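The following exercises ask the reader to work from a displayed model to its helix packing and burial. Please examine the sequence and structure before reading the solutions.

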Amino acid sequence: MAYSSKYYDPVKAHEYYMKHRKLKGRKKKSPEEQAKAKRRSLKGLNESGKAAAAYVKSAIMAERKADYKKVNKACSEKIKALRVEWKKQGLTKEQMKEKAKEVREKFKEYKKKLKDVYDEKYLQELDKIKQDPSMRKVSKSKKR
């Protein structure tokens, strides 16, 4: 016997293997995702170009975080104001929770749009950095 355990059944093991042997592999990216990944790449930049890209990214992300905080604060203030109004209308707690959830969903969608805006802003700045010849790597010519 190849494997000495009373719980191991080689026939069942082989059946299981044959049933589940298909490999998954990597998922193919769509052409849009490939283009975005290529646009995001820092390939071809020298050290000063990479440092500039990192600085730009950190500045834009800090700006985005500040805007997120403003949006979150506005959301909580709006919900507080609406709760007072809802109490006057005589809604139950469950109804107020549902309406607050709807308001949060709207703000969540707005935050997604805001994220896309800041991502595009970063990519535009990165494109400018890539255009600058002083930020590019010096290509080494091959001599034969």
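The exercises below treat a helix pair, a helix length, a nonpolar core and three residues.

This is a predicted model, in which local features need pLDDT of at least 70, side-chain atom pairs count only at pLDDT 80 or more, and totals for chains, interfaces and linings use all residues. Residues are numbered from 1 along each chain as its sequence is written, and side-chain values use heavy atoms, with hydrogens and water left out.

**Exercise 1.** Determine how helix α3 and helix α4 are oriented to each other.

*Solution.* Helices are DSSP runs of H or I with at least four residues, numbered from the N terminus. Helix α3 covers residues 47-89 and helix α4 residues 93-131; their axes come within 9 Å and cross at roughly 165 degrees. The axes are lines fitted to C-alpha atoms over the stretch in contact, and angles run from 0 to 180 degrees between N-to-C directions. Angles over 145 degrees count as roughly antiparallel, so α3 is roughly antiparallel to α4. By class, their contact has 22 nonpolar (Ala, Val, Leu, Ile, Met, Phe, Trp, Tyr, Cys and Pro), two polar and 14 charged (Asp, Glu, Lys and Arg) residues, the others, Gly among them, counting as polar.

**Exercise 2.** Check the span of α3 against the expected value.

*Solution.* The expected span is 1.5 Å times one less than the number of residues. For the 43 residues of α3 this gives 63 Å, and the end C-alpha atoms are 62 Å apart, which agrees. After α3 comes Gly90, with a positive phi near 85 degrees.

**Exercise 3.** Identify the elements that give two or more residues to the largest nonpolar core.

*Solution.* A nonpolar core is a set of buried Ala, Val, Leu, Ile, Met, Phe, Trp, Tyr and Cys residues joined through side-chain atoms within 4.5 Å. The largest has 23 residues, and Ile60, Tyr122 and Ile129 have the most contacts inside it. The elements giving two or more residues are α3 and α4; α3 gives the most, with 11 residues.

**Exercise 4.** Classify Ile79, Ala59 and Lys108 by exposure.

*Solution.* Buried means under 20% relative accessible area, exposed over 50%, and partly exposed in between (1.4 Å probe, protein chains only). Ile79, in α3, is buried at 3%; its C-alpha atom is 7.4 Å from that of Val103, 24 residues apart in sequence. Ala59, also in α3, is partly exposed at 36%. Lys108 belongs to α4 and is partly exposed at 48%; its C-alpha atom is separated by 9.2 Å from that of Asn72.

Technical notes. Angles under 35 degrees count as roughly parallel, over 145 as roughly antiparallel, 65 to 115 as roughly perpendicular and the rest as oblique.
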